Amino acid sequence: MRADLVPDDLWERVAPLLPPAPARRHRYPGRLRVPDRAALAGIMHVLRTGVAWRDVPVETVGCSGVSAWRRLRDWTEAGVWPRLHAALLTELRRADSLDMDDCAVDGSRVRALKGGDHVGPSPVDRARPGSKHHLIVDRHGTPFAVTLTGGNRHDVTQLVPLLDTIPSIRGLRGRLRRRPRRLYADRGYDFDKYRRLLWKRGIKPLIARRGVAHGSGLGKVRWVVERAFAWLHHFKRLRIRYERRADLHRGLLELACSIICLRRLRKSF
């Protein structure tokens, strides 16, 4: 197995979250179970390179694509990826590398070649089937939460669900944090109804107005979410959605967010 696919610091955080392996049968036990770290290496290989599961090189990765896909399915259903993301966000806050005061939100469309759940006709891509990634980040571009919808869903409709997806983040002292103090967004979120909803949650909305000339100055803060999308889509498996099951694609999204958080954590030391 290639050591660079699963670094030690990533494996140390993932291993305690994995569900226990099922007990082997005493009679007709079958083949030995693929080690969890090798299965994670197969998932990471697909996430980074974008290859089909059947094309995972067993010789270098140490796991077949079928085994890696099954382990991705099992771990996604067990809720491993959201817990990993929340744990890394807590580490970042304790290292004073997380700024929850100023956050930015946006959405990005991707093609969905095989259909499935949360797929819809894209209004900007000649009604081709697609999905949408919705992301909220801190002022450094660290992803707080990510959601997946059909490509025909408006960004603003996912604003409240995205805020509700932010986990409770513990620091060295003080209360758990789940809400930013200020939220930056582009003109797609310019609806008074959602401004009122943000104020009720104690969040100050800083949203560009439609019909107003460019130059509001919000771009000086909001550009970090565009950079975060570039980081996410650097993982080639996320540029185009191939998984029919929405939960598996979202699991890969959350794993990518965790890797971005881990990179940020390394820089804080």
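The following paragraphs describe a predicted model of one chain, beginning with its overall build and ending with the surroundings of Arg181.

The secondary structure of the chain comprises nine helices and seven strands. Its radius of gyration is 20 Å, close to the 18 Å that the globule rule gives for 269 residues, so the chain is as compact as a globular protein of that length. Taken along the principal axes, the box filled by the C-alpha atoms is roughly 70 × 50 × 30 Å. When contacts between residues at least 6 apart in sequence are considered, 66% of them join residues at least 24 apart, and buried residues account for 48% of the 269 residues in the chain.

Turning to the surface, the chain exposes about 13800 Å², of which carbon and sulfur atoms supply 51%. As for charge, there are 55 positive and 27 negative side chains, and the centres of these two sets lie 2 Å apart.

Within this framework, Arg181 is found in the loop that runs between helix H6 (159-165) and strand E5 (182-185). Its relative accessible area is 46%, and because buried means under 20% and exposed means over 50%, Arg181 is classed as partly exposed. Leaving aside residues up to four places away in sequence, Arg181 touches Met100 and Asp101, and also Gly202, Ile203 and Lys204. Ala145, by comparison, lies 36 residues from Arg181 along the chain, and the C-alpha atoms of these two residues are separated by 16 Å.

Methods
Residues numbered from 1 in each chain as written. Predicted model: local features only at pLDDT ≥ 70, side-chain atom pairs only at ≥ 80, totals over all residues. Heavy atoms only, no water. Helix = DSSP H or I, 4+ residues; strand = E, 2+ residues; numbered from the N terminus. Buried < 20%, exposed > 50% of the residue type's maximum accessible area, 1.4 Å probe, protein only. Contact = heavy atoms within 4.5 Å. Rg over C-alpha atoms; globule rule 2.2 N^0.38 Å. Areas by Shrake-Rupley, 256 points an atom, 1.4 Å probe, with all protein chains shown as cover. Lys, Arg positive; Asp, Glu negative; His and termini not counted. Charge placed at Lys NZ, Arg CZ, Asp CG, Glu CD.
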